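Let's take a walk through a protein model together. Have the sequence and the 3D view open, and follow along one part at a time.

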Amino acid sequence: MVMSSQSVRSDGGDSPFRSAGLADLHLHSVHSDGTESPAEVMRCAFAHGVRTAALTDHDRISGWSEAAGAALGLGMTFLPGMELSMKTELRTLHMLAYLFDPDNAPLRAEADRIRRDRVERAQRMVRRIGKDHHIRWDDVISAAPEGATIGRPHIADALVARGIVSTRGEAFTEILDPGSRYYEPLYAPDPLTAVRLITNAGGVAIAAHPVTSGPESFLSRKEIDELIEAGLGGFEIDHRDNTPDGKAMLQAIADEHDLIVTGASDYHGDGKPNVPGENSTTQEMIARIIERATGTAPRFPDARNIVQRSDDRA
Ligand code: AMP
Ligand code: ZN
Ligand code: FE
Ligand code: FE
């Protein structure tokens with residue numbers, strides 16, 4: 001069913017946001033480690049019933065304009081986003097950022113720094129793997145789309161292309177896992193810095209899939225409280241990798257502090273089995289994200305956007 005653009009836009013009532021259909025606020029394109037272009041990601045999300053979508057490539061925003069154009073053309077609402085890498089002494093974590101100012105200098109500089117280290121870190125990993133397997137840096141270059149935010153998934157694709165493993169998933173379990181002797185850590189800010197950078201850029205920080213190995217796999221209660229104090233907006237709870245006891249723990253904290261909770265797919269095209277719309281975020285929560293953000297506006301498929309786009313063409 002294709003809805004009229006008007007039915008997607010706010011139509012009054014208590015909430016400033018009204019949208020039928022599913023809302024998927026965590027989608028990756030070839031601008032990071034997904035396998036589809038931003039426009040293809042939006043078309044795929046639409047085909048799965050998604051009517052509000054965010055593009056959240058790792059440490060990069062270069063897919064926003066293509067995704068926004070495609071989403072609006074389909075009558076969808078588009079939220080610009082990013083998945084910022086962060087880490088503690090114990091583990092790498094991810095922070096979803098929505099509606100921040102894309103020109104904010106400190107946040108841009110940090111994302112640039114992470115992306116630069118992603119390349120060097122991948123080269124270090126490939127050097128290690130190359131001692132045991134027939135793989136070279138050129139294989140990763142060939143496997144990664146031009147301009148992609150380099151990540152372990154591209155090393156996985158190179159391992160698949162070389163016939164060393166048969167899928168990205170197998171590459172992760174056999175060779176790329178943090179417990180593997182080939183693993184190299186990535187430069188990333190600590191969680192408190194990540195929340196401050198995003199919040200100071202007018203964005204909303206939502207901890208991505210925080211409890212993939214249970215309640216203990218995120219941060220201590222004290223650290224979580226510090227993040228909330230620093231402006232953490234909430235948690236991505238409905239994600240296929242979060243455990244049931246982890247979700248319960250996060251929901252209890254969200255209830256206690258009246259935080260935002262989201263659900264999303266973390267779609268990576270063919271790179272993962274995750275399907276757009278497999279989890280969704282409520283209208284109420286999207287309205288709260290929009291109300292809280294000051295960095296950039298959501299793109300609504302309303303008359304004003306359509307006029308702007310026809311102006312562009314003139
Ligand atoms: P990196 O940012 O280079 O450390 O790589 C992390 C990325 O690898 C994340 O985007 C994950 O979605 C992806 N990833 C992690 N485990 C797997 C897996 N088993 N199969 C496919 N992709 C994975
Ligand atoms: Zn990814
Ligand atoms: Fe992630
Ligand atoms: Fe992700």
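How far apart do the C-alpha centres of domain 1 and domain 2 lie? They lie 26 Å apart. Keep in mind as you look around that this is a predicted model.

## Two domains and where they touch

The domain assignment splits the protein chain into domain 1 (5–110 + 187–313) and domain 2 (111–176). Where the two meet, 18 residues of domain 1 and 14 residues of domain 2 take part in the contact.

Let's look at the side of domain 1 that touches domain 2. The elements giving two or more residues to that side are strand E3 (77–87) and helix H4. H4 has the largest share, with four residues. Sort that side by class and you get six nonpolar, six polar and six charged residues.

## Around the ligand

Now find ligand 1. The residues around it include Asp33, His58, Arg152, Phe172, Leu186 and Lys272. Two elements give two or more residues to this shell: helix H6 (152–161) and helix H7 (168–176). H7 gives the most, with three residues.

What classes of residue make up the shell around ligand 1? There are three nonpolar, five polar and four charged residues. Both domains join in, too: domain 1 and domain 2 each supply at least three residues of the shell.

## Strand E6 and its neighbours

Next, look for strand E6, which covers residues 234–238. Is E6 mostly covered or mostly open? It's mostly covered, since four of its five residues are buried.

E6 has a parallel partner in strand E5 (residues 204–207), and two bridges join them. You can spot the pairing at Ile206, whose bridge partner in E6 is Gly234. To get from E5 to E6, the chain passes through helix H9 (residues 221–230), making a right-handed β-α-β crossover.

E6 also runs parallel to strand E7 (residues 260–263), and four bridges join this pair. Here's Gly234 again: its bridge partner in E7 is Ile260. The chain travels from E6 to E7 through helix H10 (residues 244–257), and this β-α-β crossover is right-handed.

## A helix packed on strands

Helix H11 spans residues 283–292, and its buried residues are Met285, Ile286, Arg288, Ile289 and Ile290. What do these buried residues pack against? They pack against strand E1 (22–27), strand E2 (50–55), strand E4 (92–98), E5 and E7.

A handy thing to know about helices: an α-helix has 3.6 residues a turn, so residues three or four places apart point the same way.

## Two residues to check yourself

Start with Ala105, which lies in helix H4 (residues 105–130). Why does Ala105 count as exposed? Because it has 9 other C-beta atoms within 10 Å, and the cut-off for exposed is 12 or fewer. Ala105 and Ala201 are 96 residues apart along the chain, and their C-alpha atoms are separated by 8.6 Å.

Then try Ser180, in the loop between H7 and helix H8 (191–200). Ser180 has 15 other C-beta atoms within 10 Å, so it counts as partly exposed. That label applies because a buried residue needs 20 or more such atoms and an exposed one has 12 or fewer. Ser180 and Asp270 are 90 residues apart along the chain, and a gap of 24 Å separates their C-alpha atoms.

Note on methods
Residues are numbered from 1 along each chain as its sequence is written. Chains are lettered from A and ligands numbered from 1 in the order in which they are written. This is a predicted model: local features need pLDDT of at least 70, side-chain atom pairs count only at pLDDT 80 or more; totals for chains, interfaces and linings use all residues. A residue is near a molecule or strand if its C-beta atom, placed from the backbone, lies within 6 Å of it. Ala, Val, Leu, Ile, Met, Phe, Trp, Tyr, Cys and Pro count as nonpolar, Asp, Glu, Lys and Arg as charged, and the others, Gly among them, as polar. Domain bounds come from an automatic or database domain assignment. Two strands pair if DSSP finds at least two bridges between them. A crossover is right-handed if, with the strands pointing away from the viewer, the path from the first strand over the helix to the second runs clockwise. Two residues are in contact if their C-beta atoms, placed from the backbone, lie within 7 Å.
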